[in-house]
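Hi,

Here is the structure I promised to pass on to you. Have a look at it first, and then read on for what turned up in it.

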Amino acid sequence: MCELLGMSANVPTDICFSFSGFLHRGGGTGPHRDGWGIAFYEEGGYREFRDPHPSVDSPIARLICEYPIKSNVVISHIRQANVGGVRLANTHPFTREMWGRPWCYAHNGQLSDWQSLPLGMYTPVGNTDSEHAFCWIMGELRRTFPMPPASPEALWETLHSLCEQLRGLGVFNLLLSDGVYLYSYCTTKLAHITRRAPFGEAELSDAEMTVNFIEHTTPNDIVSVIATEPLTQNEAWQRMVPGELLVWREGEISARYCP
């Protein structure tokens, strides 16, 4: 299985600490050697890095750790290939445009009978179940809402329904964002933590690294991190339940949907 990493924050924040632990799972402390990627939303723009090689050995991944890109929303993925070959076209995260915004998506899990999902205006570039499911989700959202809905809750409810349909096909853990909201959906494994004042120290589980967040934050900062497995060993992470969709904005949970 692949692993996911996401961040939602109320101020532009770098993800260097969490990503440093995460990349070690890509061929170091974990078996996810089949590519990795990370996407940042910043100042109304979108920046993405993808590499079909193990993250633990990737010069590009080391660059991300040393280059503190500050963003309000981040999505990252490390891959253990099940469907589709190890190549750049099959490397997450995937991106599509809708309503003039780049939508970013990453998936952990494996689906059955995914080829039967009907596609509309969005088609895959690679040949994975993950990207096919993404194109199906985007097509269904675009068909249901030709224009951005006046009420975001209508979109959230529809997204939860689509995720529930995919859960019926197998394991479907998701991170999805339009740059404003970050969506996390759980079938089996996703955990999250929200850091706010008073800040303390955190110690990575996969690398010898400790950070004292009080040295890098202000009292008003709110930063939430979502991951397949907790990244630190001295903090209390909360695990999502199967069928749960969380809607994040500026580090806080805006909505929660359960089956």
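Helix α3 covers residues 129-144, and its length can be checked: at 1.5 Å a residue, its 16 residues should span 22 Å, and the end C-alpha atoms are indeed 22 Å apart, so the two agree. Please keep in mind that this is a predicted model. Most of α3 is covered, with 13 of its 16 residues buried.

Next, a residue worth finding on your screen is Gly6, which sits in strand β1. Is Gly6 buried or exposed? Its relative accessible area is 0%, so Gly6 counts as buried, the cut-off being under 20%. Apart from neighbours within four places in sequence, Gly6 touches residues from several stretches of the chain: Val74 and Ile75, then Leu175 and Leu182, and also Ser224, Val225 and Ile226. There is also a long step in sequence to look at: His192 lies 186 residues from Gly6 along the chain, yet their C-alpha atoms are 9.1 Å apart in space.

Strand β1 comes up again in the pockets. The largest pocket holds about 360 Å³ of space. Its lining is made of 20 residues, and those nearest the centre are Thr13, Asp14, Phe213, His216 and Thr217. Which element gives the most to this lining? That is β1, with 4 residues. At least two residues each come from β1 (3-13), α1 (16-24) and β12 (222-227). Sorted by class, the lining of the largest pocket has 12 nonpolar residues, 4 polar ones and 4 charged ones.

The second largest pocket has a volume of about 240 Å³. It is lined by 16 residues, with Tyr41, Asn72, Val73, Gly179 and Val180 closest to its centre. Here β1 contributes at least two residues, as do β2 (36-42), β4 (71-78) and β6 (101-108). The lining of the second largest pocket divides into 5 nonpolar, 5 polar and 6 charged residues.

Finally, go to the hairpin formed by β14 and β15, which has 2 residues between its strands. Strand β14 (residues 244-249) and strand β15 (residues 252-257) run antiparallel and are joined by 5 bridges. One pair to pick out is Trp248 with its bridge partner in β15, Ile253. In the turn, Glu250 has a positive phi of about 55°.

Enjoy exploring it, and write back with any questions.

Best wishes

How values were computed
Residues are numbered from 1 along each chain as its sequence is written. This is a predicted model: local features need pLDDT of at least 70, side-chain atom pairs count only at pLDDT 80 or more; totals for chains, interfaces and linings use all residues. Side-chain values use heavy atoms; hydrogens and water are left out. On a 1 Å grid over the protein atoms alone, a cavity is a set of points where a 1.4 Å probe fits but cannot get out, and a pocket is an open set with protein on both sides within 12 Å along at least five of seven lines; lining residues have an atom within 4 Å of a point. Grid points are joined across faces, edges and corners, and a volume is the space filled by probe spheres set on the points. Ala, Val, Leu, Ile, Met, Phe, Trp, Tyr, Cys and Pro count as nonpolar, Asp, Glu, Lys and Arg as charged, and the others, Gly among them, as polar. Buried means under 20% relative accessible area, exposed over 50%, partly exposed in between (1.4 Å probe, protein chains only). Contact means heavy atoms within 4.5 Å. The expected span of a helix is 1.5 Å times one less than its number of residues. Two strands pair if DSSP finds at least two bridges between them.
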